[in-house]
Amino acid sequence: MSPEKTSQVKEQRLREKLLPEIEEFKASRSSLQLATKSASGVPNASYAPFALADDGFYILVSDLARHGTNLKESSEVSVMLVEDESQAKTIFARKRLTFDAHASIVDRETEVFTKGVAALSARFGEMIDNLSVLKDFNLFKLTPHHGLYVKGFGQAFSLTGSELLDVDWKRDGHHGGAPKVEAEIAEPA
């Protein structure tokens, strides 16, 4: 088998193993961490309960919340889903999924609004039905465009593509340049 074909087979095996795990991890989380910024660039860390649909993540946020105002002023947001501290093997390598996303406010008079509220309501019940009719609450759709899934030490995977289905093992650390020596892909634990 050619080196290129071998690489493709390994990438496919990695994708087949990792993508279901990532989907399970997303489904196991109820809230996501948000990093937003104001129009003047002041950062803010917050969180929101979320529902995942086929076209992105949905959150319902009040204008009274700082991150609600920030999302209206700047559509670029960083999002993180993170393993609970009590479930982590080590506090230094909690499982997490981070992604850069575009936040867009969803018009109340659209099918997308109905879809997003229904997804949130299915997950969180009557509270969503009550909040979604309040005028200061806005539904935002978060559309990821780049992600990073970290399983533990030495197990960081870049996620790209239109649905974040393209997986690349970050053998050079989370942020480094290209590796100097190509390492053989080992099966992740």
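S46 touches L32, Q33, L34 and H67 when residues up to four places away in sequence are not counted, and in this predicted model S46 is placed in strand β2, which covers residues 43-49. The briefing below starts from that strand residue and then turns to the aromatic residues, to K26, to the nonpolar cores and to the pairing of β7 with β8.

**Around S46**

- The side chains of S46 and H67 are joined by a polar contact of 2.9 Å, and H67 is also among the residues that S46 touches beyond four places in sequence.
- L32 and L34, which S46 touches, appear again in the list of residues in contact with I59.

**Aromatic pairs and cluster**

- Three aromatic pairs are present in the structure.
- In the pair made by F50 and F57, the ring centres are 5.4 Å apart and the planes meet at 55°, so this pair is classed as tilted; F50 and F57 are both buried.
- F57 also pairs with F99, and here the arrangement is stacked, with 4.8 Å from centre to centre and 25° between the planes.
- Because F57 belongs to strand β4 (residues 56-62) and F99 to strand β6 (residues 96-105), the stacked pair ties together parts that are 42 residues apart in sequence.
- F57 has a relative accessible area of 3% and is therefore buried, the cut-off being under 20%; F99, with a relative accessible area of 3%, is likewise buried.
- F50, F57 and F99 form one aromatic cluster, and R123 lies over the face of F50, at 4.7 Å from the ring centre.

**K26 and its contacts**

- K26 is located in helix α1, which spans residues 3-28, and because its relative accessibility is 13%, below the 20% limit, K26 counts as buried.
- Once neighbours within four places in sequence are set aside, K26 is in contact with F50, L52, F57, L81, L97 and R123, a list that includes F50 and F57 from the aromatic cluster as well as R123, the residue lying over the face of F50.
- K26 and L97 are 71 residues apart along the chain, while their C-alpha atoms are separated by 8.1 Å.

**Nonpolar cores**

- The largest nonpolar core has 25 residues, and within it L32, I59 and L142 touch the most other members.
- Two or more residues of this core come from each of α1, β1 (31-37), β4, β5 (76-82), β6, β7 (137-152) and β8 (155-160), with α1 giving the most, namely five residues.
- I59, leaving aside its neighbours within four places in sequence, is in contact with L32, L34, A48, P49, F50, L71, L120, N138, L139, F140 and L142; this list contains both L32 and L142, the residues named with I59 as touching the most other core members.
- A second core, separate from the largest one, consists of 11 residues, including A51, Y58, V117 and I128.
- As a general background to such cores, nonpolar side chains in soluble globular proteins tend to be buried together.

**Strands β7 and β8**

- β7 and β8 run antiparallel and are joined by five bridges; in one of the pairings, G152 has Q155 of β8 as its bridge partner.
- The two strands form a hairpin with two residues between them, and G154, which lies in the turn, has a positive phi of about 70°.
- β8 is mostly covered, since five of its six residues are buried, and both β7 and β8 are among the elements that give two or more residues to the largest nonpolar core.

Terms used. Residues numbered from 1 in each chain as written. Predicted model: local features only at pLDDT ≥ 70, side-chain atom pairs only at ≥ 80, totals over all residues. Heavy atoms only, no water. Phe/Tyr/Trp six-rings, centres within 6.5 Å; stacked < 30°, edge-to-face > 60°. Buried < 20%, exposed > 50% of the residue type's maximum accessible area, 1.4 Å probe, protein only. Helix = DSSP H or I, 4+ residues; strand = E, 2+ residues; numbered from the N terminus. Lys NZ or Arg CZ within 6 Å of the ring centre and 35° of its normal. Contact = heavy atoms within 4.5 Å. Core = buried A, V, L, I, M, F, W, Y, C linked by side-chain atoms within 4.5 Å. Pairing = 2+ DSSP bridges. Polar contact = N/O pair within 3.5 Å; in protein donor to acceptor, adjacent residues only side chain to side chain.
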